[in-house]
Every structure is written in C-alpha cells, then in structure tokens.
Amino acid sequence: MANANNETPCCIGDRLEYGSMGRELKVGGVDMYLATPKTPTKKGVVVYMDVYGWQMPNTRYIVDMIANNGYVAILPDAYEGAEPWSPDRDRSTFLEWIKTKDPNKIHTVTDAAVGYLQQECGVEQLGCVGFCWGGRAVHACLVDRTDFKCGVAFYGIGRKDDEKLGLLTAPGLFIFGEKDPVIALDQVETLKTELKKSCKVDHHVTVYKGMPHGFAHRKKEENDKDAAAIDGARLEMLKWLEKYMISIPML
C-alpha cells in the first residue's frame, strides 16, 4: 500500500483470468468469498484483500490455493461495500481516498469472518494472510487480536511510528520485494529492528531480490527468476501456516 512518501498507488500488475472455485456469501451484511478444501478440517484462514478489492481474481486465486492446501479460507470485503481503488482513477486522488480505508479498523469485518468460520464451518484454529493493504490489516490483527495462531503479511506494514510495530501476539511472517517502490527498504529495516527489540513470539522477514510490489499475487511467472520468487513466497506462506496450525482430528 502506498505510504506518505509515495503519491501513487501500487500498480495493478497482471490481472489473472481466473474463474475461482469458491462461492460468494454475505455474513453480517458483509460480502465474502469462501473456499473450502476437499477434506474436512478445523483450520481456517482469513484473507485480506489489496486496494483492488475482494473480487480481484488474483487474490481469489490465492484463497483457493490456501483452501486446496487444507484450510477453510474466507476473503471478506474489508471496505464493506465501498468502491475499491481502480487503475482508471486519477492517481493524484489516491492519498485522500486511502485515508478512508484504515487497516487498523479491520476488526468488525474480521469478527464477522471469524464468527462464520467458527460457527458455520467448525473452525478451531485461525490464521490470517493479507496482501498490500491487506498485509497492513494482518499486521494490525497480529498486534491487536489474540484469536489468530499466526499471520502472513505480503508487502504490507504498519506505520513506522506505531509504538506497537513489533508487539506481535502471534507468530508473523512478513514478505517484501527488494524493488518495491511503495514500501522502501528502510521501512523494512525499521520493522526488523522493532521486532528484534519488542517481539516475544516467532517472526521472520523475507525480502525477495529484484521483486516489485505485489509480485506474489499480481506478477506473471514470465521467467525462471520471477517464477522462483513467486513460488518461493507462496511456499513460505503455506509452510508458516502449517508450522503454527496443528492438525486436529475430525470426529
């Protein structure tokens, strides 16, 4: 997500032509996309969208990937019906637009998604994953909530002046691209410093060499280098979820 030093939003990148395997539903008045694995499970993941919204096929592709790896995955419309950013909009208006989309106020939507997973899907262990703006939402959840076993934030980070930047309540994995024009490497270094100083749970920061913002879900695998980074970041996500969400036998 764009920061105060960058007046342009992240590029939409390569929009996938993808039909998705899940279904849409409404929970507590909030639109959501739900994907379920073939085998019943008590593990669930809340996925947070980027600025391009909950209907972005690239994000739904990742939701389906998570589901295919053994989790009930739910993607809520974190903007609660408000229009997401569009690449056709005047970029000079982005900073004013994004002021109305505070990832630190994600909790009402999160409560609805978590409640559905627990009450309707029988989920007992929760993880969270987010991209861009959604990465910041994951960071907010990991410092403000105690219901998540772990979280993975892709190229999203809380404000560097936030006193709670390193105070995670659950293990957090943070993934960035080295050539990200939206999140400068000095912000990543600040995060590392704060985590080292304050964090009492497991955490890890990975920076993928040569990769731009959005690479793990909005960049095509056009060459071996890109494919290695994209696949590597996605595999890191899945391994992190697997590490901290223990399998519970179904009755």
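## Buried, exposed or in between

Let's start with the terms: a residue is called buried when its relative accessible area is under 20%, exposed when that area is over 50%, and partly exposed in between. D147 has a relative accessibility of 26%, so it counts as partly exposed. One thing to keep in mind throughout is that this is a predicted model.

## A hidden space

How many cavities of 30 Å³ or more are there? The count is one. The space in the largest cavity comes to about 90 Å³. Rolling a probe the size of a water molecule over the atoms is what shows where such empty space is left.

Who lines the largest cavity? Its lining is made up of P103, N104, R136, H139, A140, V143, G158, R159, D162, K164 and L165. Sort those residues by character and you get four nonpolar, three polar and four charged. Keep an eye on K164, one of the lining residues, since K164 also pairs with D144 in a salt bridge. R136, H139, A140 and V143 are worth remembering too: they belong to this lining, and they are listed among the buried residues of helix 4.

## Charged pairs

Side chains of opposite charge can pair when their charged atoms come close. Across the whole structure, a search turns up eleven salt bridges. Let's look at a few of them.

Take D31 and K26 to begin with: their closest N and O atoms are 2.8 Å apart, and they form a salt bridge. D31 is partly exposed, at 24% relative accessibility, while K26 is exposed, with a relative accessible area of 54%.

Next up is the pair of D144 and K164, whose closest N and O atoms are 2.6 Å apart. This salt bridge ties together distant parts of the chain: D144 sits in helix 4 (residues 133-144), and K164, 20 residues apart from it, sits in the loop between strand 6 (150-154) and strand 7 (172-177). Both partners are partly exposed, with relative accessibility of 35% for D144 and 36% for K164.

Then there is R145, which meets D147 in a salt bridge at 2.8 Å, N to O. Is R145 buried or exposed? R145 is buried, as its relative accessible area is 11%. Its partner D147, as we saw at the start, is partly exposed. The story has a third member as well, as D111, R145 and D147 are linked in a network of salt bridges.

## Helix 1

Helix 1 covers residues 57-68. From its first C-alpha to its last, this helix of twelve residues reaches 16 Å, close to the 16 Å expected at 1.5 Å a residue. Ten of those twelve residues are buried, so helix 1 is largely enclosed by the rest of the structure. The buried ones are P57, N58, T59, R60, I62, V63, D64, M65, I66 and A67. Helix 1 is followed by G70, and the phi of G70 is positive, near 105°.

Two of its residues deserve a closer look. N58 is buried, with a relative accessible area of 1%, and its side chain reaches the backbone oxygen of H217 at 2.9 Å. P57 counts as buried at 9% relative accessibility. If you want a sense of scale, P57 and P171 are 114 residues apart in sequence, and their C-alpha atoms are 28 Å apart in space.

## Helices 4 and 7

Helix 4 also has twelve residues, and it reaches 17 Å between its end C-alpha atoms, close to the expected 16 Å. Eleven of its twelve residues are buried, so helix 4 is largely enclosed by the rest of the structure. Those buried residues are W133, G134, G135, R136, A137, V138, H139, A140, C141, L142 and V143.

Helix 7 (residues 224-244) has 21 residues, which should span 30 Å at 1.5 Å a residue. Its end C-alpha atoms are 30 Å apart, which agrees. Among the buried residues of helix 7 are A227, I230, R234, E236, W240 and Y244.

## A stop on strand 2

L34 is found in strand 2 (residues 30-35). Its relative accessible area is 4%, so L34 is buried. L34 and I175 are 141 residues apart in sequence, and from C-alpha to C-alpha they are 24 Å apart in space.

Definitions and conventions:
Residues numbered from 1 in each chain as written. Predicted model: local features only at pLDDT ≥ 70, side-chain atom pairs only at ≥ 80, totals over all residues. Heavy atoms only, no water. 1 Å grid on protein atoms, 1.4 Å probe; cavity = no way out; pocket = protein on both sides within 12 Å on 5 of 7 lines; lining within 4 Å. Points joined across faces, edges and corners; volume = space filled by probe spheres on them. Nonpolar A, V, L, I, M, F, W, Y, C, P; charged D, E, K, R; others polar. Salt bridge = Lys/Arg side-chain N within 4 Å of Asp/Glu carboxyl O. Buried < 20%, exposed > 50% of the residue type's maximum accessible area, 1.4 Å probe, protein only. Helix = DSSP H or I, 4+ residues; strand = E, 2+ residues; numbered from the N terminus. Polar contact = N/O pair within 3.5 Å; in protein donor to acceptor, adjacent residues only side chain to side chain. Expected span 1.5 Å × (residues − 1).
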